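This briefing addresses two topics in turn: a sheet and its surroundings, and a helix with a buried side. Please consult the sequence and structure shown below while reading.

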Amino acid sequence: MNVQPTAPILDQAAEFQKVRLPEGHPDVKAGKVGVLLVNLGTPDATDYWPMRRYLREFLSDKRVIEWPKAIWYPILYGIVLMTRPGKSGKAYEEIWNNEKNESPLRTITRSQSDKLTEMLGDANGRLKVDWAMRYGQPSIPDKLKALKDAGCDRILVFPLYPQYSATTTATVNDVVCKTLLDMRWQPAIRTVPPYHDDPIYVNALAKSVERHLESLDFEPETILTSYHGIPQSYFKRGDPYHCHCMKTTRLMREVLGMDETKLRTTFQSRFGPEEWLQPYTDKTVEQLAKDGMKNIAVMNPGFVSDCLETLEEIAGEAGEIFEEAGGENFTHIPCLNDSDLGMDVLNTIVRRELGGWI
Ligand SMILES: C=CC1=C(C)c2cc3[nH]c(cc4nc(cc5[nH]c(cc1n2)c(C)c5CCC(=O)O)C(CCC(=O)O)=C4C)c(C)c3C=C
Ligand SMILES: [Fe+2]
Ligand SMILES: [Fe+2]
């Protein structure tokens, strides 16, 4: 029997577009593949109303604050949204990208998307890469609809979080699924799984440590891998985030040949009265200085891009805490961002997850 090889899937889809449509049939575009990078989010400006809009969207997400609405909303609207926009706005002002009038998170995410577009090529006009924010602009629904309108009937969504948490990864996937509810012709969707133990990521982190240490004129006695925290209660209810963070650092130790006193795990960015994952970064930094340590480095493996939490809270505040408590040299190791190492991670993962689609 003479079996004809199947044409590549996308060629078949391109063929479909060539079929002459009956008169009055709506114009349909199909056959393309989209990649959507999604980062956490960011306010449009640092003054009260943009900050409040952003924080309201973020802190109304029941994946982020799991308290019952009847308890949380009076606190959110009565206290948090009165005070936090001012305080956080001032913190954002310190790190704001004034040239582009936007936060570093937005600048870096856009650049990652632009560089990935170049690295992947457009597969003869069939591949489109774009980016969105879970909170604020550009929104996930707008970008998904734009990709679909451009003919993407397969979309790979990439939540930019190496370690899975319901507070981050799941809430991106929630919005993606909700957006599909309104679509008559839904694109096929894939989401990128967590990559906290992927060798390409762990090796890139280790290399970034080595490169940074080479650039210093002092040698840190210890290096903290500081991850954004989550409330302890979320971990106890089954969020795997803590385990993912511990594994990333353990694998980094293996690559770098460092022990637990040289490369430590800590958690930052507490919010509200609950107990969060420990040890806390700020308390650890202070204690190390009080114990007589003079030189330390801190890095943030859980953040794909530098942002408020790394630039202001770690490079700024944690550095001050260390020096005020008697430390001498504090250095922040930048996130992988859109560096060659960072882009190699994103490019490798996207190519793998697109398998069979292009
Ligand atoms: C209960 C509150 C919060 C949880 C849980 C939480 C989890 C979480 N967040 C990130 C990453 C980022 N968070 C950022 C800012 C930020 N986070 C919270 C609260 C929770 N985060 C707030 C209120 C804010 C806003 C800033 C502030 O007012 O302090 C950012 C920075 C965004 C930027 O534009 O720079 C990131 C990134 C992770 C990874 C995570 C759980 C794993
Ligand atoms: Fe956060
Ligand atoms: Fe913070």
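Strand β1 (residues 32–41) pairs with β2 in the parallel sense, over 8 bridges. The model is a predicted one.

**The sheet**
- Within the pairing of β1 and β2, L37 stands opposite W131 in β2.
- The sheet is open and has 4 strands in the order β2-β1-β3-β4, with parallel pairing.
- Because β2 and β4 (188–191) stand at the edges with a single partner strand each, one side of each has no neighbour in the sheet.
- On average, neighbouring strands of this sheet are turned by 25° against each other, direction ignored.
- Strand β3 (residues 152–159) and β4 pair in the parallel sense over 4 bridges, and L156 stands opposite R190 in β4.

**Surroundings of β2**
- Of the 9 residues of strand β2 (residues 127–135), 9 are buried, so β2 is largely enclosed by the rest of the structure.
- Helix α5 (residues 140–149) lies across β1, β2 and β3 and runs at about 165° to β2.

**Helix α10**
- In helix α10 (residues 281–290), the buried residues are T281, T284, V285, L288 and A289.
- These residues lie on the same side of α10, because they cover an arc of only 130° around the axis.
- An α-helix has 3.6 residues a turn, so residues three or four places apart point the same way.
- K283 and K290 are exposed on the other side of α10.
- The cover over the buried residues of α10 includes β5 (222–228), β6 (263–268), β7 (295–299) and α11 (308–324).
- G292 follows α10 and has a positive phi, near 105°.

Note on methods:
Residues are numbered from 1 along each chain as its sequence is written. Chains are lettered from A and ligands numbered from 1 in the order in which they are written. This is a predicted model: local features need pLDDT of at least 70, side-chain atom pairs count only at pLDDT 80 or more; totals for chains, interfaces and linings use all residues. A residue is buried if 20 or more other C-beta atoms lie within 10 Å of its own, exposed if 12 or fewer, and partly exposed in between; C-beta atoms are placed from the backbone. Helices (H or I, at least four residues) and strands (E, at least two) are DSSP runs, numbered from the N terminus. Two strands pair if DSSP finds at least two bridges between them. Axes are lines fitted to C-alpha atoms, for helices over the stretch in contact, and angles run from 0 to 180 degrees between N-to-C directions. Two residues are in contact if their C-beta atoms, placed from the backbone, lie within 7 Å. The arc is that of the directions from the helix axis to the C-beta atoms.
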